[in-house]
Amino acid sequence: MYQTTIGMYSIEGKNYTSFGIRCDAVSIEDISPDKRAVDSLVALCNSEELESIHLYDIVEDFLTSNQIPLQTV
């Protein structure tokens, strides 16, 4: 099951909150500061029952395309 993760990060002295995604032993942090977008990606992964071995490709597609449909979470 996919889950949204949260972390605090800093770039050039400016702090920000960003969200990531985790499934099984695979985790990718700091994907986006847009929680709704990451939650929608998590919901899509769970509804499609995608295997965690595809997580890196899923996140790459998410970051390079605006084609991921946003769902109401």
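Biologist: Why is Tyr16 called partly exposed?
Modeller: Tyr16 has a relative accessible area of 24%. Buried means under 20%, exposed means over 50%, and partly exposed is in between (1.4 Å probe, protein chains only), so Tyr16, at 24%, is partly exposed. This is a predicted model, where local features need pLDDT of at least 70 and side-chain atom pairs count only at pLDDT 80 or more, while totals for chains, interfaces and linings use all residues. Residues are numbered from 1 along each chain as its sequence is written, and side-chain values use heavy atoms, with hydrogens and water left out.

Biologist: How many aromatic pairs does the structure hold, and what makes Tyr9 and Tyr16 a pair?
Modeller: There is one aromatic pair. Tyr9 and Tyr16 are 5.7 Å apart, centre to centre, with 35° between the planes. Rings of Phe, Tyr and Trp (its six-membered ring) pair if their centres lie within 6.5 Å; planes under 30 degrees apart are stacked, over 60 edge-to-face, and the rest tilted. Therefore these two rings pair, and the pair is tilted. Tyr9, at 22% relative accessible area, is partly exposed.

Biologist: How do you know that Asp39 and Lys35 form a salt bridge?
Modeller: Their closest N and O atoms are 2.6 Å apart. The rule asks for a side-chain nitrogen of Lys or Arg within 4 Å of a carboxyl oxygen of Asp or Glu, so this contact qualifies. By that rule the count comes to one salt bridge. Both residues lie in helix 1 (residues 35–47), four residues apart, about one turn of the helix. Helices (H or I, at least four residues) and strands (E, at least two) are DSSP runs, numbered from the N terminus.

Biologist: Is Asp39 buried or exposed?
Modeller: Asp39 is buried, because its relative accessible area is 15%. Its partner Lys35, at 41%, counts as partly exposed.

Biologist: What makes strand 1 and strand 2 a pair?
Modeller: Nine bridges join strand 1 (residues 3–11) to strand 2, and the two run antiparallel. Two strands pair if DSSP finds at least two bridges between them, so nine bridges satisfy the rule. One of the partnerships sets Gln3 against Arg22 in strand 2. Strand 2 and strand 3 are also antiparallel, joined by four bridges, with Phe19 opposite Ser32 in strand 3.

Biologist: Where does Asp24 sit, and why is it called exposed?
Modeller: Asp24 is in the loop between strand 2 (14–23) and strand 3 (26–32). Its relative accessible area is 60%, so Asp24 is exposed. Asp24 also has a positive phi of about 55° although it is not a glycine.
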